[in-house]
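Trainee: Could we go through this model together? I would like to see how each term is earned.

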Amino acid sequence: MVTPDGIERDITLTSAAARYDELWVQDAVGEPPLRREEVLELLALGEVIARKAVYGRQLAVRSARRAGASWAQIGGAMGVSKQAAWEAHGKWIEDQAEQNRRSDYQGLDKDQVAAARHLAGNADE
């Protein structure tokens with residue numbers, strides 16, 4: 001069975017989106033109808049795309065901070081308040097730390113978490 005965890009490390013965002021689009025169009029047209037395995041693949045690909053998009057967005061937030069962008073500017077670029085952008089990034093850092101604690105190799109290690117928190121600063125910066 002196809003699962004997001006099973007395919008996430010083996011597929012790029014671009015290839016996941018292309019395959020998702022291919023299956024989505026076939027499903028929308030209905031000819032031929034998707035088989036159960038294809039529908040489950042469509043669902044798994046949607047989750048992989050969402051995960052990769054969130055990760056990519058947070059990497060862009062880190063790059064924006066490194067480039068000197070304020071949280072108000074980052075929030076504006078994301079269409080949210082500076083507080084919401086800062087909180088989402090903080091949650092992402094915590095999620096990455098937890099992922100590292102569980103797997104001991106994925107996510108961010110303690111030093112990377114400390115550096116990410118330092119770079120993030122506070123919402124008023």
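Mentor: Gladly; we will take burial, then a helix pair, then the cores.

Mentor: This is a predicted model, where local features need pLDDT of at least 70, side-chain atom pairs count only at pLDDT 80 or more, and totals for chains, interfaces and linings use all residues. Residues are numbered from 1 along each chain as its sequence is written, and side-chain values use heavy atoms, with hydrogens and water left out.

Trainee: Why is Glu-38 called buried?

Mentor: Buried means under 20% relative accessible area (exposed is over 50%, partly exposed in between; 1.4 Å probe, protein chains only). Glu-38 has 11%, so Glu-38 is buried. Contact means heavy atoms within 4.5 Å; leaving aside neighbours within four places in sequence, Glu-38 is in contact with Leu-23, Gln-26 and Pro-33.

Trainee: What describes the packing of helix 3 and helix 4?

Mentor: Helices are DSSP runs (H or I, at least four residues), numbered from the N terminus. Axes are lines fitted to C-alpha atoms over the stretch in contact, with angles from 0 to 180 degrees between N-to-C directions. Helix 3 (residues 36–66) and helix 4 (residues 71–78) pack at about 145°, their axes 10 Å apart.

Trainee: What makes up the largest nonpolar core?

Mentor: A nonpolar core is a set of buried Ala, Val, Leu, Ile, Met, Phe, Trp, Tyr and Cys residues joined through side-chain atoms within 4.5 Å. The largest has twelve residues, including Val-61, Trp-71, Ile-74 and Trp-92. Helix 5 gives the largest share of this core, four residues. A second, separate core of eight residues includes Ile-11, Ala-16, Val-48 and Ile-49.

Notes:
Helix = DSSP H or I, 4+ residues; strand = E, 2+ residues; numbered from the N terminus.
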